[in-house]
Amino acid sequence: MSLFMSYIVGFVLIISLGIFAISGPTLVFFILFPLFLIMICNSGVLSQNESTPSQEHYIDANTAIEYSRLLDKIMRREKFYLIQNLRIDEISKHLMLTPKELDYIINQAKHKTFNQYLNDLRVLEVKEMINIPEYEDCDLKCLAEACGFSDFKDFENALFRVLHTNSEDFKEQYLEHEA
C-alpha cells in the first residue's frame, strides 16, 4: 500500500468517525495512521494470498526451459565455464536474473545444481580438447585444470556422471588414434 493511499484511508476514517476538527490528537492520528498501515501491509499481516502456497519461485516450467536454452547458448559461445571458481552471481548478471532465480532455473530445467552444470560443460570441453594437437602432450589433470576444474577429484566425479567412465579409461576411449 502506498503512502498516498494510506493517507486517503486515514482521511476517510477520520471523516467517517466524525472528527472534523483538526486538533492535536487528530493531527497525530492523521500522520501516524498511514505509516501504521504501511507497516502492517509490509509485514504480511494483511496479505491478500494467505491461503496460496509460497510464490518464492514465480518462474514457470516453460520460462525456465527458455532461460535454460539461453544459458546454454551463452555458455557455449562465451565459454564462461573455463573460469575456475566461477560463481552463479557472475553468470546471472548476463541473463539479468538474480542468483536465486538462475539456481531455480537450472534445478527445474536441468535437474542439476549450478556446479554440476558447470562441471558437465567442463567435461565435454576436456573431451573436445583431448584431440587437439596442441594439447597432445598434456595429461588429463592438465586438461581438466585448463577447462576450469580446480580439483582433479571434481573432474573425476563429473566425468563419471557425464560419460560413465573413469579417468583411466577416458583417454583410451576418446582419444582418436591416427591410422
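**A walk through an all-helix predicted model**

Asp 60 lies in the loop between helix α2, residues 24-43, and helix α3, in what is a predicted model. Because its relative accessibility is 43%, Asp 60 counts as partly exposed. Its C-alpha atom is separated by 9.1 Å from that of Ile 105, although the two residues stand 45 apart along the chain.

Ile 105 also takes part in the contact between helices α3 and α5. Helix α3, which spans residues 61-78, packs with helix α5, residues 99-110, at an angle of about 100 degrees and with the axes 9 Å apart. Since angles from 65 to 115 degrees count as roughly perpendicular, α3 is therefore roughly perpendicular to α5. On the α3 side the contact is made by Ala 64, Ile 65, Tyr 67, Ser 68, Leu 71 and Asp 72, while α5 contributes Leu 102, Ile 105, Ile 106, Gln 108, Ala 109 and Lys 110. Sorted by class, this contact of α3 with α5 has eight nonpolar, two polar and two charged residues.

Another pair of helices can be followed further along the chain. The axes of helix α6, residues 114-129, and helix α8, residues 152-163, come within 9 Å and cross at roughly 85 degrees, which means that α6 is roughly perpendicular to α8. From α6 the contact draws on Gln 116, Asn 119, Asp 120, Val 123, Leu 124, Val 126 and Lys 127, and these are met by Phe 155, Ala 158, Leu 159, Arg 161, Val 162 and Leu 163 of α8. By class, the contact of α6 with α8 has eight nonpolar, two polar and three charged residues.

Turning to the chain as a whole, it has nine helices and zero strands. Of its 179 residues, 31% are buried, and the chain exposes about 12100 Å², of which carbon and sulfur atoms supply 57%. When contacts between residues at least 6 apart in sequence are considered, 58% of them join residues at least 24 apart.

Confidence has to be kept in view when reading these details. The mean pLDDT of the chain is 80, and 66% of its residues reach 70 or more. Over residues 45-55, however, pLDDT stays under 50, and for this stretch the model has five contacts beyond four places in sequence. Where pLDDT is low, the predicted coordinates should not be read in detail.

Definitions and conventions: Residues are numbered from 1 along each chain as its sequence is written. This is a predicted model: local features need pLDDT of at least 70, side-chain atom pairs count only at pLDDT 80 or more; totals for chains, interfaces and linings use all residues. Side-chain values use heavy atoms; hydrogens and water are left out. Axes are lines fitted to C-alpha atoms, for helices over the stretch in contact, and angles run from 0 to 180 degrees between N-to-C directions. Helices (H or I, at least four residues) and strands (E, at least two) are DSSP runs, numbered from the N terminus. Angles under 35 degrees count as roughly parallel, over 145 as roughly antiparallel, 65 to 115 as roughly perpendicular and the rest as oblique. Contact means heavy atoms within 4.5 Å. Ala, Val, Leu, Ile, Met, Phe, Trp, Tyr, Cys and Pro count as nonpolar, Asp, Glu, Lys and Arg as charged, and the others, Gly among them, as polar. Buried means under 20% relative accessible area, exposed over 50%, partly exposed in between (1.4 Å probe, protein chains only). Accessible areas come from the Shrake-Rupley method with a 1.4 Å probe; for residues, only the protein chains shown count as cover. pLDDT is the predictor's confidence in each residue, from 0 to 100.
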